[in-house]
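Could you walk me through this model stop by stop? I have it open in my viewer and would like to know what to select next and what is there.

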Amino acid sequence: MNGLSVRVGVSGTSFAFDQAYSYSVPAELADKAVCGSRVIVPFGRSDRRRVGIIVEVCPDTEDIGKLKAVSSVVDKMPIIGNEQLRLLLWLRETVFCTYYEAFRTLIPPGLGVSFVQKYRLSQKKPKKGELSEKAMGLYLSASETDDGGELAMMISEDGRSAAELMEKGFLEETDLAKQRVRDDTVSMVRLTPEYSERDIKLTPKQRAAAEVLLREGCASVRELCYMCGCTAQVVKNMVKSGAAELFDYEVLKAPETAERDNVDDITLNRYQQNAFDGISRMIDEHKPASALLFGVTGSGKTPVFAKLIDHTLKSGRNVIMLIPEISLTPQTLNRFRRLFGETVAVLHSGLSLSMRSNEYKRVKSGQCRIVVGTRSAVFAPLDNIGLIIMDEEGERTYKSESSPRYHAKDAAAQRCLYHNAVLLTASATPSIESYYSAQKGRTKLFVMPERYSADPNEKAAMPKAEIIDMTGSGRVLSEELVSGINDNLRRGEQSILLLNRRGYHTFITCSECKEPVSCPNCSIPLTYHKINNRLICHYCGYSQDYTDRCPKCGSSKLRLTGMGTQRLEDELAEFFPSAKILRMDADTTYSRYAYDKRFTAFGNGEYDIMVGTQMIAKGLDFPNVTLVGVLNADKSLYSGDFRSYERTFSLITQVVGRSGRGNSRGRAIIQTYAPDHYVINLAAQQNYTAFYEQEIAMRRALIYPPFCDICAVGFSGEDDGKTSSAADIFAEKIAERIKELPEKMPVRVLGPSKCVFEKINGKFRYRIIIKCRNNASFRSFISGIRTDTAKLPEFRGISVYIDMNGDISL
């Protein structure tokens, strides 16, 4: 027996048991069951209903009678298109996730669905003796109620009798899929085909309404009543008579219109023009290509982006612009909306579910040609892409740290390959891997070595940086920094201070037992937050009221040390009582409007000093900022990751670059306990090339990226011994399988060992680090071991993940 079947990626499956499961398609669903549509299917021995995504349609399937059948199709039209389906399969193959995890990454959360089971009695009536006494009683009780909720409660209370009713066809079960966020719709009215085919008698007001609908085709109920001077009851009576019908029309909200600027008014200097000319030629070639725009801080990358976007749009193609932080979205979005109007959409996790869904649909419907957003915006349903821009491409936020563990750059490269588009990465501190690729000629390199100046006859100076040795000072603020802030306050200029740690005190220890006050769920010290007098874990969110008693020995001799942004804010208020201070960290920006309002206020001069974590370090442009202070600059040097030097250099270089972007030369003061460290000194000099030469030599010697890939296999579980044992077994399997391979695979295995933070959220953590080549052979090798070990009893209750080129400092 042949027939139509589909292969479905089912929700809720673990990676080890994930596959595309085959289901038969009932004839009445055949037209709807297409690739990219969601379906509800029975799954497992109990046939529990689950949502799935169709990844393949098989027209002539043999032995189709042996397959379970699709229960229903959720979507009227496929929710993802052909390109997104390719991305789904690419994600599953390369980043070790399930089909449905990959699918959920492609759509905003608001478009996700849940489903409820509905019950109703069938038309069939039971005959005497056909049902057991209990089942007959349930049937009679059910026939007396019209309340679906009450019926569901009866069925849940007597499952055996309900099963008997369903088995014999007296009770029907249906699945109703509900979208998490309801679409914004307006009630519309149109004439039915019967109106012209049959002589339907209408009142004078109904005839007037019919004439409008004949002329316009359709109208909203509200518009029709307004145009005809009638009430909604007139429309309802037309529907009752069969002359008209109602339908819902989805309304997509456009953003407020911003004051427009002209792209043609942007003038480029010679370095900017050279970059624009070269990249625009690459776009015009309609071939997949990549370019790196390497420009010092303040060199004017954004005007080049604007010109390139304009060029791409004029050629009839569309653009995605990726930025690393939500905090950068307001400034970037405002710039591009002033230039390109309502055709710009924004996608990031800081939007509400309904706002994200609305923007996603505006893109999918073709209303938008430019998408601005953070990492997930790379999957925007944009067609005919000509250019994808990744600003500050070396930022770690472009890499997802939860499944699917993809990197936005890899996803962007896949899309550029599909659309014959150009991937443009840009930064003053590009990743070592990107700059190495450019040096080897794999990526086209464009350099902007000077700061942009509005006056072509004047060369804008880089900020003057000073390194201050804080060893033995015992002070929070150096004399030089205090003096610099005072000078700025007198001149009416603004200052930015970076301290990459939030909270008030970052470490609390007992002077008696010498133990730190740590999170009960994590192997991490609690941070004291003065504003609510609580101790908070920044990893699992646990919090407790502050007490002056040691939880271990009961001593009252607690020492509060370390400094976060809250304490720095208080210190500044004491030093500069008249200054207006703005604090920007995760505690002050939990609202999705906080970034825009606070940065706008700072840009308008409402604050004198801005204090913040790394969210203030990159991409922001405030012309009146002439002083930047970096506190505890060396802290991130010792994070235990081979990228720690790169991240420290990038953070210092970028925040120093926030200074002196207007008419006055900037100044930077870097406070450190390691004043002679070459990373600190090269960052102060803004000398990326010298830092790159040092870093690439070290990575070549130690065999780190770009000379290999790093695969981390992580294990977590509530039992320390069991988790450690699972990691050991996995490592043994790697060693066994390598010996069995017909060809030698270049791998170097380190571990297993405890993670830097060995316990988070009540789970103990171990990992194996593998130096390898990220190719299909290795991915098949490591995922095969993961699948096989998942079936072992030692792995029950143990979570295992595989992360390629992710963060190994946690």
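Start by selecting Gln 686, in this predicted model a buried residue with a relative accessible area of 15%. You will find Gln 686 in the loop between helix H20 (678-684) and H21. Show its side chain and look for two partners. One is the side chain of Thr 297, joined to the side chain of Gln 686 by a polar contact of 3.0 Å. The other is a backbone atom: the oxygen of Thr 653 lies 3.0 Å from a polar atom of the Gln 686 side chain.

Now step into helix H21, which covers residues 688-702, and pick Arg 700. Its relative accessibility is 46%, so Arg 700 counts as partly exposed. Add Lys 440, Arg 442 and Arg 773 to the selection, and you have the positive surface patch that these residues form with Arg 700.

For a patch of the opposite sign, select Asp 728, Glu 732, Glu 736 and Glu 740, which gather on the surface as a patch of negative charge. Asp 728 sits in helix H22 (residues 720-740). With 35% relative accessibility, Asp 728 is partly exposed.

Next come the salt bridges, 32 by count. Begin with Asp 807 and Arg 396, whose side chains meet with an N to O distance of 2.0 Å. Asp 807 lies in the segment after strand S32 (799-804) and Arg 396 in the loop between strand S15 (385-391) and helix H14 (408-419), so this pair ties together parts that are 411 residues apart in sequence. Are the two partners buried or partly exposed? Asp 807 is buried, at a relative accessible area of 12%, whereas Arg 396 is partly exposed, at 37%.

Move on to Glu 512 and Lys 557, a salt bridge in which the closest N and O atoms are 3.2 Å apart. Glu 512 belongs to the loop between strand S20 (507-510) and strand S21 (527-529), and Lys 557 to the loop between strand S23 (543-545) and strand S24 (558-561), so the pair ties together parts that are 45 residues apart in sequence. Glu 512 is partly exposed, with a relative accessible area of 45%, and Lys 557 is partly exposed too, with 49%.

For a salt bridge inside one helix, select Arg 567 and Glu 571; their closest N and O atoms are 3.6 Å apart. Both residues lie in helix H17, four residues apart, about one turn of the helix. Glu 571 is buried, with a relative accessible area of 18%. While you are in helix H17 (residues 565-575), click on Ala 573 as well. Ala 573 counts as partly exposed, at 39% relative accessibility. Draw a distance from its C-alpha atom to that of Tyr 645: the two residues are 72 apart along the chain, and the atoms are separated by 33 Å.

One more charged group deserves a stop. Select Glu 433, Arg 643, Glu 646, Glu 695 and Arg 699 together to see a network of salt bridges.

Now try Tyr 673, in the loop between strand S28 (667-672) and H20. Its relative accessible area is 45%, so Tyr 673 is partly exposed. From there, jump to Gly 472: the pair is 201 residues apart in sequence and 8.9 Å apart in space, C-alpha to C-alpha.

The last stops concern the backbone. Where can you find a cis peptide bond? Zoom in on Ser 403 and Pro 404, joined by a cis bond with omega of about -5 degrees. Pro 404 is in the loop between S15 and H14. Then go to Pro 705 and Pro 706, where the peptide bond is cis with omega near 15 degrees. Pro 706 is placed in the loop between H21 and strand S29 (709-717).

Finish with two residues that have positive phi without being glycine. Glu 392 has phi near 50 degrees and lies in the loop between S15 and H14. Glu 392 is buried, with a relative accessible area of 5%. For Asn 632, phi is likewise near 50 degrees. Look for Asn 632 in the loop between strand S27 (625-630) and helix H19 (644-656); this residue is partly exposed, with a relative accessible area of 28%.

How values were computed. Residues are numbered from 1 along each chain as its sequence is written. This is a predicted model: local features need pLDDT of at least 70, side-chain atom pairs count only at pLDDT 80 or more; totals for chains, interfaces and linings use all residues. Side-chain values use heavy atoms; hydrogens and water are left out. Patches are made of residues with over 30% relative accessible area and no salt bridge: like charges are joined within 9 Å, nonpolar side chains (Val, Leu, Ile, Met, Phe, Trp, Tyr) within 5 Å. Accessible areas come from the Shrake-Rupley method with a 1.4 Å probe; for residues, only the protein chains shown count as cover. A salt bridge is a side-chain nitrogen of Lys or Arg within 4 Å of a carboxyl oxygen of Asp or Glu. Lys and Arg count as positive and Asp and Glu as negative; His and the chain ends are not counted. The place of a charge is taken as NZ of Lys, CZ of Arg, CG of Asp or CD of Glu. Helices (H or I, at least four residues) and strands (E, at least two) are DSSP runs, numbered from the N terminus. Buried means under 20% relative accessible area, exposed over 50%, partly exposed in between (1.4 Å probe, protein chains only). A polar contact is a pair of N or O atoms within 3.5 Å; within protein, one must be able to donate a hydrogen and the other to accept it, and residues adjacent in sequence count only if both atoms are side-chain atoms.
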